[in-house]
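Q: Could you take me through one part of this model up close, and then show me what else there is to see around the chain? I'm at the bench and would like a connected picture rather than a list.

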Amino acid sequence: MIAVIDGTKLRLSSYRRSIIPPPMCNYTLTLPQGPQGEVPTCVNAVGFIRYPGKSVSLKEDVSANAFFVVDSYNVITFYDLKVTKQCKDSGPMRTVSSAVNTLLRLSPLRDPFCQTSDSLLNCLWINPDNFVLSCNNYLVALCSKEGPEDYQDYVSIEKNSKEPFVDNETIGSVEALGPDKVLIELTSGRIMEVGNFIVGKRCTPYNKFSTKLYGTIPEFCEQLFVSKQQATTHVYAFSESHRNLYHNGSLVASDVTSVFHAKTYLLFTTRTELKFVPLQDRPGFTIIGERPLERLRGDLEAINPHNLSLSFIAKRLEALEYQEAFKIMRKERINLNLLVDDDPERFLAHLRSHFLPQITNVSWLNLFITDLANEDVCRTLYESNYPGWQLAPVNLASVSSGGYAVEGKIQFICDRLLDVMDSNPTILTQPKITCHVKQGQLEKALSLIWALKRDQPTPELAEQALRYLLSLIEPNVLYDVALGMYDLDLVRFVADISKKNSKEYLSFLNALKRQNEHYRKFRIDCHLKRYNRAVAHISHIKTTKERSREVMELIFNHGLYTVGIEHFRTSGNEENLRKICEQYAGHLRTTGKHAEYLNQLITALSSDKEQFLHQKERLAVVRELRERAHSWPAVEDEGDYGECDLLSDSSTDACPCRRSGQPQRSAKKRRIEKRKLVSLKEGSPFEDLALIVALHQLILRVCRVERQQHIRSICQVAFELDFHTEARTIQRDYEGFIQLIQNSMDAIWIPEMLVRGRLRTCEAATGKISSTLLQPHAAQRYALLGNMEN
């Protein structure tokens, strides 16, 4: 509250509500005048109460807006300004000055200290029941006696003290040291402390006051400021004549033009700057902020220094008034991370109960989420308002088992917001989308919108949500994200709402629709340059010459050898796996990565050996199960997969079960059907045959002459390049693998498979192995083997 003296009027303005330049004001108080012809009653002095509270004498509460007026006839009148909340035209509630109530009016008295004609100086309203002033170099306290209501008396403090004033000392200024103490500054620079102003008790003529020397200032200062924000009391003094600022008697700044005490800060100006001195949590006198002042133009200008705003915001957050704090932060563009960083534990504990119920404006909530950053603004942007924050680690062990860390603040806060928000996708849809976008989870944001589109009877909500998402993310980026989700209907929806040119995407989407699932995903991943995923999808597609060429080109062009080996080994596609390994080996050789190539060769040998052992053990299990059954498992007649048709092409005996009139199938189709029937899938009717074929192919690949020569050359070069350990490992593993194969031949090719004639032999490959794979004759079951290997 600001009070401006204007002759017989006092003009009052609340600068917290609005900035009104004098002579305009919020409220005008006119002093009562005497009969016409007398000298007008003017305002001599005005002041506000220092410590408001309950008044014993008045029997009512006195607000912080209470003030007193001393007129030209030395009449002292006490007032209290009343404020009310108003709302105009459905706008926001505003607090306005409504009336000024007169609390007490004291007439001048004749007494030994103050005559009617004397000026009353240095008036100070300490608390609702204690008022002091100086008159004729006496500091006197206003007191009451039993009798008429307006009968008052004065008691001299100086006469009741043990520290009398010396010659030529006069009272220069008075300031409250607390609700029950006063500081008196004498013109000599001495500062006296006067106590025994009892709060909640009226002063009487019989009061005894304690007086002692508080300190000394080098020169007389017209203004005193008392700060009790720290454990010890600090006194600041400002000399208007010499423009010096003192702290506890020591000069701390010169060329000072004005000083203002704002509870937690002391503000002072020079000719060009406004400076801030914190009054709490910092030792001594420290300037933490400076703000340049523009050239003086004679105008009244309002500024909102962040240092003061931050102190006010901290109080609002401590009181869990998030809406009020948010309004100030939004108005003054203060980083919204402060809502969390001021006290993360408090914020998380009251996220559901206070924060979300108060911040009901969806735009405000979106703004808060968008402003989140993985930093502690109390340690960076606003470190001056949080001294010691750098040395005080955040301990949030009691917050949640998930654990909070500044480095993961975005992820953590967004997850907690999503947890406490209503699960209904129609409620707080935009903030949920903003959380997903802030976390980089665009697919989840699109999934939320697609759920709205799918579950709601009308598409308006989904379209509005998508338009909001498009305001956050560039349309082409969002189109690619939708495409990467492999849902072509969602892609079309995003393209339509973003008004994408249909010529750019329709033909592409139609081509994708005609493909099977895995190949469609492969083409999408290639389009989005997600080549690792593309390899994973195409590894599940049946190998053809064209598909094999695409795989090899993709892996070779983008160096995805290890990725291809991993996925094709998992999918069981041995042909492509072998080609990839060979290309990878050649790539390592040409690029000079000898050690990596040798390690890759060792890994390949180990993988082949592991595959051989697994298939051999599985073959033994399958044969044992068949023997226990004492009969061959029957194969149902399922059209194209009839066993008789398959066996008739590979056996010398005619199959009697061919149905008459059945059309002849092409040789290519029959081979495809045979491969489908003879599958490595566990439990398939001809799993044992498939295992024999797979083992046969593996043995030929490992034991062929070219392979032996290649291994020999590799070991020779490795020894020459000093890779002795790797060379010995390769040689030992390869010889051991050959020996394992040789010892396993009789267990794989049992006697019932042996008939007249020989097929391909491994003798040339191993130099030792003489067993061969023969055309089956004794049992029609093995008639498939010959065709499977061709």
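A: Happy to. Let's begin with a pair of strands: β10 and β11 (residues 130-135) run antiparallel and are joined by 4 bridges. Please keep in mind throughout that this is a predicted model. The link between β10 and β11 is a hairpin, with 2 residues making the connection. For a single pair to find on your screen, look at N127, whose bridge partner in β11 is N130. Strand β10 itself covers residues 121-127, and 5 of its 7 residues are buried, so β10 is largely enclosed by the rest of the structure.

With that hairpin in view, go back to the beginning of the chain for another antiparallel arrangement. Here 3 strands form an open sheet in the order β1-β2-β3, and their pairing is antiparallel. The edges are taken by β1 (2-6) and β3 (27-30); each has a single partner strand, so one side of each has no neighbour in the sheet. On average, neighbouring strands of this sheet are turned by 25 degrees against each other, direction ignored. Between β1 and β2 (residues 9-13), the antiparallel pairing extends over 5 bridges. Within this pairing, V4 sits opposite R11 of β2.

Now for the helices. Helix α5 (residues 351-358) packs with helix α7 (residues 409-420) at an angle of about 85 degrees, and their axes are 11 Å apart. Because angles from 65 to 115 degrees count as roughly perpendicular, that is how α5 lies relative to α7. On the α5 side, the contact is made by L351, R352 and L356, while α7 brings R416, L417, D419 and V420. By type, the residues of this contact divide into 4 nonpolar and 3 charged, with no polar ones.

Finally, let's look at the nonpolar cores. In soluble globular proteins, nonpolar side chains tend to be buried together. The largest nonpolar core in this model has 53 residues, and those with the most contacts inside it are I555, F568, F612, V702, I730 and I741. Helix α24 (residues 724-748) gives the most to this core, contributing 9 residues. There is also a second, separate core of 38 residues, which includes I359, I369, I413 and M421.

Terms used. Residues numbered from 1 in each chain as written. Predicted model: local features only at pLDDT ≥ 70, side-chain atom pairs only at ≥ 80, totals over all residues. Heavy atoms only, no water. Pairing = 2+ DSSP bridges. Axes fitted to C-alpha atoms, helices over the stretch in contact; angles between N-to-C directions. Core = buried A, V, L, I, M, F, W, Y, C linked by side-chain atoms within 4.5 Å. Buried < 20%, exposed > 50% of the residue type's maximum accessible area, 1.4 Å probe, protein only. Parallel < 35°, antiparallel > 145°, perpendicular 65-115°, else oblique. Contact = heavy atoms within 4.5 Å. Nonpolar A, V, L, I, M, F, W, Y, C, P; charged D, E, K, R; others polar.
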